[in-house]
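Subject: The structure, and what turned up in it

Hi,

Here is the structure I said I would pass on. Have it open while you read, and my notes follow below.

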Amino acid sequence: MSSSMTAVEQGREASRKTIPGPILLLGAPGVGKGTQAKELVKLWGIPQISTGDLLRGNVAQGTQLGRVAKEIMGRGELVPDSLVDEMVAVRLQQPDTADGYILDGFPRTLGQAGWLDGRLAAQPDSLPVVAVSIQVNYNQLLRRITGRRNCPVCQTIYNVYVNPPKKDGFCDIEGAALTQRADDTEEVFKERMRAYGALTAPVVEHYRALGRFAEVDGDRPIAAIAAGIVAAVERLRQ
Ligand code: AMP
């Protein structure tokens with residue numbers, strides 16, 4: 001490695017040599033799992049598998065799963081494990097997952113975690129999961145959720161308070177009118193947080209106990225959080 005490289009460049013160089021394997025991004029709604037997953041995709045070239053995005057895709061296409069999921073998601077509740085596990089199983093069969101993948105928003109219950117652990121244990125050549133939990137306090141999350149806007153074309157995520165587009169309401173890259181998720185209201189956020197505390201917080205404890213687990217402070221600039229996640233994955237993969 002050249003000594004003239006900056007620390008960030010050296011980190012990138014080292015990251016290219018890491019086989020990332022399965023990475024779980026855990027954390028409450030709005031901590032930035034999707035944003036961070038996209039940073040890791042750029043770095044490692046492995047896919048982001050967001051169960052929220054997959055479900056919204058099913059809703060948009062009007063599939064049978066989408067019809068079931070739509071109302072549940074609109075209330076901020078969790079879609080039943082069996083449906084989500086099956087959807088993830090189908091996605092993991094794609095060849096682009098061979099060197100690893102970033103699960104964003106899955107597992108969200110101990111049942112889903114047990115299913116994933118069993119699936120990986122049945123594949124002896126698979127690397128074990130590395131789990132990274134992103135932490136942000138409640139009031140920040142509320143601001144992030146109610147301020148979140150999405151580009152429907154390139155999926156870039158903005159926030160009207162902390163990461164606004166250059167032109168109000170429009171994507172910097174595509175120029176498309178930004179949209180707001182139907183469940184990004186204060187009322188639905190409260191239910192999503194309740195579901196998180198009751199059903200997903202135990203998943204974080206499950207992976208903490210298994211080791212290969214790290215917590216990162218999500219109340220920092222996007223690049224600083226990404227650097228923290230990359231450093232944690234590199235360390236936990238050694
Ligand atoms: P997200 O985009 O990750 O915030 O997810 C949006 C919504 O999709 C959640 O509030 C749930 O209703 C549903 N959802 C996403 N992932 C899961 C999952 N792993 N298990 C159950 N429901 C999920």
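Let's start with a pair of helices. Helix 7 and helix 8 are oblique to each other, because an angle between 115 and 145 degrees falls in that class, and theirs is roughly 130°. The two axes come within 10 Å. Keep in mind that this is a predicted model. If you want to find the pair, helix 7 covers residues 138-147 and helix 8 covers residues 186-210. The crossing of helix 7 with helix 8 is right-handed. On the helix 7 side, the contact uses Tyr138, Leu141, Leu142, Ile145 and Thr146, while helix 8 brings Glu186, Phe189, Lys190, Arg192 and Met193. Sorted by class, the residues in this contact of helix 7 with helix 8 come out as six nonpolar, one polar and three charged.

Helix 8 has another partner, helix 6 (residues 110-121). The axes of helix 6 and helix 8 come within 8 Å and cross at roughly 40°. Here helix 6 offers Leu110, Ala113, Leu116 and Asp117, and helix 8 answers with Leu199, Pro202, Val203, His206, Tyr207 and Leu210. The class count for helix 6 with helix 8 is eight nonpolar, one polar and one charged.

One residue of helix 8 is worth a click: leucine 199. Is leucine 199 buried or partly exposed? Its relative accessible area is 39%, so leucine 199 counts as partly exposed. Leaving aside neighbours within four places in sequence, leucine 199 is in contact with Leu78, Arg108, Thr109 and Leu110. Leucine 78 is 121 residues away from leucine 199 in sequence, yet their C-alpha atoms are 9.0 Å apart in space.

Next, a bit of arithmetic you can check yourself. Helix 2 (residues 33-44) has 12 residues, so at 1.5 Å a residue it should span 16 Å, and its end C-alpha atoms are indeed 16 Å apart. Helix 9 (residues 222-236) has 15 residues and should therefore span 21 Å, which agrees with the 21 Å between its end C-alpha atoms.

Which residues of these two helices are buried? In helix 2 they are Lys33, Gly34, Thr35, Gln36, Ala37, Leu40, Leu43 and Trp44. In helix 9 they are Ile225, Ala226, Ile229, Val230, Ala232, Val233, Glu234 and Leu236.

Last, some backbone oddities. Most residues other than glycine have a negative phi, and most peptide bonds are trans. Against that background, have a look at these:

- Phenylalanine 106 and proline 107 are joined by a cis peptide bond, with omega about -5°. Proline 107 sits in the loop between strand 3 (100-104) and helix 6.
- Glutamine 155 is not a glycine, but its phi is positive, about 70°. You will find glutamine 155 in the loop between strand 5 (148-150) and strand 6 (157-159). With 43% relative accessibility, glutamine 155 counts as partly exposed.
- Arginine 212 also has a positive phi, near 50°, without being a glycine. Its place is the loop between helix 8 and strand 7 (213-217). Arginine 212 counts as partly exposed, at 39% relative accessibility.

A positive phi turns up at a glycine too: glycine 45, which follows helix 2, has one near 70°.

That's the lot. Happy browsing!

Methods:
Residues numbered from 1 in each chain as written. Predicted model: local features only at pLDDT ≥ 70, side-chain atom pairs only at ≥ 80, totals over all residues. Heavy atoms only, no water. Axes fitted to C-alpha atoms, helices over the stretch in contact; angles between N-to-C directions. Helix = DSSP H or I, 4+ residues; strand = E, 2+ residues; numbered from the N terminus. Parallel < 35°, antiparallel > 145°, perpendicular 65-115°, else oblique. Left-handed = near helix turned anticlockwise from the far one by under 90°. Contact = heavy atoms within 4.5 Å. Nonpolar A, V, L, I, M, F, W, Y, C, P; charged D, E, K, R; others polar. Expected span 1.5 Å × (residues − 1). Buried < 20%, exposed > 50% of the residue type's maximum accessible area, 1.4 Å probe, protein only.
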